[in-house]
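User: I'm new to this structure and would like a close look at a single part of it. Could you pick one strand, show me how it is held by its partners, and then connect it to what lies elsewhere?

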Amino acid sequence: MHKTITGIKGTFCAAIISLGANLAATNVMGAVTAELFGRVGDEKVEIYTLTNAHGLEARIMTYGATIVSLKTPDRDGHLKSVVLGFDNLDAYLAGVPYYGATVGRYANRIARGKFTLDGKGYQLPVNDGPNSLHGGDKGFDKRIWKAQAGSVAGNELQLTYVSAAGEEGYPGELTAHAIFRLGDDDSLSIEYRATTTAATPVNLANHAYFNLSGDASHDILSHLLRINAERFTPIDATLIPTGEERAVAGTPFDFRVATAVGSRIGQDNEQLKLGKGYDHNWVLNKAHGKLGLAAVLTDPGSGRVLEVHTTQPGLQFYSGNFMNGKPSGQGTVYAYRTGLCLETQHFPDSPNHAAFPNTILRPGETYSEKTVLHFGTLKGGAT
């Protein structure tokens, strides 16, 4: 785990502008605006819109610190959202699985929901077969974060959530910050920071479903993917890593050269069968704690290109194997494999694998990880 002692930027002032009785008050902070998106009981859920000089637009709501939409241009300059999301809060409250959300306190799976820390055993909620997934029954994706917004070296939104000691079975009160910045270099950076009052596992990640075509009626099987990794962590029948780090060479998990997502996904391979496709962690070829290339995703049809850079040691590539076409929002249906996830993270089940990168945060330390999503096009864009 990359740990630094660091402060969080202060609160930014906001000017309040009334837009009339039919629209909630909107805060204007440079190129960051906010409006009411809905309510959970008596609590307000706001949605913030960040725009840059080229018209890129990110909409992020306080429920789950969630990227609701992210509009980028294709090779002809047409703006469409490249992440799957929903047009109203009710769709998220209905239980859609993590679309665009910040997942934690521990992203990914912990075997049987159990771990031992400093000689004491802990039991987490089991919500994914026999395992605990993405923080338990009510993880960070289902919490309302508090917002600060401003314009510091680009458009910036800071969201904060304080997770009580014992919440979902985790020790220590954890104060977590998610900081989103939309740069004029056409990048969206996501920075996570956290401190704790007692030793606890921490693994924060964004769970965006990408479809660079901008059209969710298209699947992602023709997207080209390159992953900067020579090894991956094989899984057992419950999708928990076995502890091995296996070479990708000669397997369907070799994405060292850009390869169509669907080209080998149906091969007769034990790991593909266990995951029902790709749902594995790759061991990135980079030093943990230093920003480096994790993956490049390209949609040949639209010409959109996404480069993923991160300080994290791992990348979970999920090929939308459990998407079921459930209607949400205004008739929106996200069918089988119409989105894929590139979750920069620590390895799954790390608290139970001493050889994996450390995920235990202790008092006096600061968890600090960053991921940068850089967008371009095949014609003069990122490659």
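Analyst: What follows starts with how far to trust the model, then turns to one strand, and then to some other places worth finding.

This is a predicted model, in which local features need pLDDT of at least 70 and side-chain atom pairs count only at pLDDT 80 or more, while totals for chains, interfaces and linings use all residues. Residues are numbered from 1 along each chain as its sequence is written, and side-chain values use heavy atoms, with hydrogens and water left out. The score pLDDT is the predictor's confidence in each residue, from 0 to 100. For the protein chain its mean is 90, and 88% of the residues reach 70 or more. Residues 1-30 are a stretch to treat with care: pLDDT stays under 50 there, although the model has 72 contacts beyond four places in sequence for them. A contact here means heavy atoms within 4.5 Å.

Now for the strand itself, β5, which covers residues 57-61. Strands (E, at least two residues) and helices (H or I, at least four) are DSSP runs, numbered from the N terminus. Four of the five residues of β5 are buried, so the strand is largely enclosed by the rest of the structure. The word buried stands for under 20% relative accessible area, with exposed over 50% and partly exposed in between, using a 1.4 Å probe and protein chains only.

β5 has a partner on the way in and another on the way out. Two strands count as paired if DSSP finds at least two bridges between them. Strand β4 (residues 43-51) runs antiparallel to β5, with five bridges between the two, and Leu50 stands opposite Ala58 of β5. Five residues lie between these strands in their hairpin, where Gly55 takes a positive phi near 90°. On leaving β5, the chain comes to β6 (residues 66-73), again antiparallel to β5 and joined to it by five bridges. Glu57 has Lys71 of β6 as its bridge partner. The hairpin of β5 and β6 has four residues between the strands, and Gly64 in that turn shows a positive phi of about 80°. As you follow these strands by eye, remember that in a regular strand the side chains alternate between the two faces of the sheet.

Glycine is not alone in taking a positive phi. His134 does so too, with a value near 50°, in the loop between β12 (132-133) and β13 (146-151). His134 is buried because its relative accessible area is 4%. Asp186 is another non-glycine residue with a positive phi, of about 65°, and its loop runs between β15 (174-183) and β16 (187-196). At 16% relative accessibility, Asp186 counts as buried.

Another backbone detail leads to a residue inside a strand. Gly104 and Arg105 are joined by a cis peptide bond, with omega about 10°, and Arg105 sits in the loop between β8 (102-103) and β9 (109-110). Arg105 is also one of the contacts of Ser163, together with Phe140, Gly172, Glu173 and Leu174, once neighbours within four places in sequence are set aside. Ser163 belongs to strand β14 (residues 155-163) and is buried, at 1% relative accessibility. Its side chain makes a polar contact of 2.9 Å with the side chain of Glu167. A polar contact is a pair of N or O atoms within 3.5 Å; within protein, one must be able to donate a hydrogen and the other to accept it, and residues adjacent in sequence count only if both atoms are side-chain atoms.

Phe140 brings us to the rings. The structure holds 23 aromatic pairs. Among them, Phe115 and Tyr122 are stacked, 5.1 Å centre to centre with 15° between the planes, and both residues are buried. Phe140 and Trp145 meet edge-to-face instead, at 5.9 Å and 80°. Rings of Phe, Tyr and Trp (its six-membered ring) pair if their centres lie within 6.5 Å; planes under 30 degrees apart count as stacked, over 60 as edge-to-face and the rest as tilted. Phe140 is buried at 2% relative accessible area, and Trp145 is buried at 1%. Elsewhere, ring pairs link Phe86, Tyr92, Tyr99, Tyr209, Tyr318, Phe322 and Tyr334 into a cluster.
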